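Me: Hi! I'm new to this structure and would love a quick tour. Could you show it to me?

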Amino acid sequence: MAVWSEVKRTNLVHNNRFDAEFYRPEYLDLENAIKSISHVRFGSIIETLTDYHANGSYENLRNHVRLLDNGGYAYMVRTADLEANDFEKDVKYIDEHAYHYLKKTQIFGYEILINKIGSAGKVYLMPKLDKPVSLGMNLFMIRTIKDVSTFYIFAYFYSKYGRRYIERYVNGTVPLTITKDSVRSVLVPLLPKKLHDEITLLVSKSMCYMNSSKELYHSAKDTFYKKAGFNKLNLIKTKSYGTSFSEIVIHNRIDADYYQKHFKLMANYLDSISTELLGDLVNFTKGIEVGTQNYTNSGKLFIRVSNVKETGIVTGNSDKYISEKLYNKLLEFKPKIGDILLTKDGTLGECYVVDSDVEGIISGGIMKMTLKSSSIPAEYLSLAINSTICKLQIERVCSGALIQHWKPKDISALKIPILDKAIMEELSELVISAKKAKKESKRLLEQAKRKVEDFIERGYNDEIV
């Protein structure tokens, strides 16, 4: 069925856009909805709009900035970190000289960040971290004027209206992009001060609960390391190391990486404490591959390795879906509350206990685990698997491959440290408290979003597509 829009020539000139996609009926309805209430162009309430390349030429940036994997002075925020809401694992750093050189993009917390390429138009609210932070590439950083809080702006862009409005200004094919001028052109509703402040407070509380969630989880991790004695180990990689022929025979491995000193220290320590093999604790169900021909634009979530993080099941612009009909045929691969998901391909050893209903099925790169008995809490098991001590075991058996795969026999052989039952229960409760705080954070953010949407909808009675 044909769809068309009639647009005045003056609108074409004003927007400087002549592509039909920009004038789709649902976008025109959206524009009318915002224009029916008090509004401004985003650019008029922006104090700062900048990006990484505002600091200098490509040559100067290359000469002054070098990314570090660890030990840097300042953390450099990237889209991957924002998507996972994780600012500690697999992050990048820069030295003090680079941080001060990149003075135009120093981040202090609560700025609006917008992806400018790839997942173009995706909006994030930068949390306040207890370390110097610099803006990474492929992101815009925005600070608003004093009278308009970034908390409100984030709630607007989190709403269906703000999300679709900025989506309208994304252009290109592969990769998709958005420009500074396009960001400035987006319409933003101006709310009554009382409502603006209510939404600001809700988002602020949401951020507090999210920070509390992270602190509780970090407390659980730190306590686990101390109680298991891992904090006493010096697991630093050395430049040289050796092994004996008898060890090669015992392990049936001739690759040098397997015998690195920190791996051997870890293995020796695990032999000295109480452990259980993962295969003795859980039953496994491997996920399924449906084939790219069965991907759909909407429907039920096809949960891939990239969706599973230790912080939860993460969704974003690269999600894949399957039809409801296919989903109903594959319900045995649907994760239930209490199931433990574990990634085994590509990104290895990401583990999460499902704590809410998920309408989706797991891919072949994921193992679904169920406890054989109640002798060990599920959340404790997940905490242990996500720890450095288990990650090192995984790294040791899977090292050397270009695309890593964790074999079922090696998954079963993963050694899980077993602590006193009371301590395991205590750690489990800490993780559960962290999850509750995260859920409350999301509830408050949803409430803020709904207030924005209600205000817009009260001012516009026509149906928005």
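Reply: Here are a few notes on helix packing and a sheet. This is a predicted model: local features need pLDDT of at least 70, side-chain atom pairs count only at pLDDT 80 or more, and totals for chains, interfaces and linings use all residues. Residues are numbered from 1 along each chain as its sequence is written, and side-chain values use heavy atoms, leaving out hydrogens and water.

Me: Cool. At what angle do α6 and α9 pack?

Reply: Helix α6 (residues 150-158) packs with α9 at about 85°, their axes 8 Å apart. So α6 is roughly perpendicular to α9 (65 to 115 degrees counts as that). Axes are lines fitted to C-alpha atoms, for helices over the stretch in contact, with angles from 0 to 180 degrees between N-to-C directions. Helices are DSSP runs of H or I with at least four residues, strands are E runs of at least two, and both are numbered from the N terminus.

Me: Which residues of α6 make the contact?

Reply: Phe151, Tyr152, Phe154 and Ala155 of α6 do, meeting α9 residues that include His196 and Met207; contact means heavy atoms within 4.5 Å.

Me: And where does α14 come in?

Reply: Helix α14 (residues 378-385) and helix α9 (residues 193-228) have axes that come within 10 Å and cross at roughly 75°. Tyr217, Ala220, Lys221 and Phe224 of α9 touch Tyr380, Leu383 and Ala384 of α14.

Me: New topic: what's the strand order in the open sheet?

Reply: The order is β4-β3-β8-β5, with mixed pairing; strands pair if DSSP finds at least two bridges between them. The edge strands are β4 (92-94) and β5 (106-107).

Note on methods. Parallel < 35°, antiparallel > 145°, perpendicular 65-115°, else oblique.
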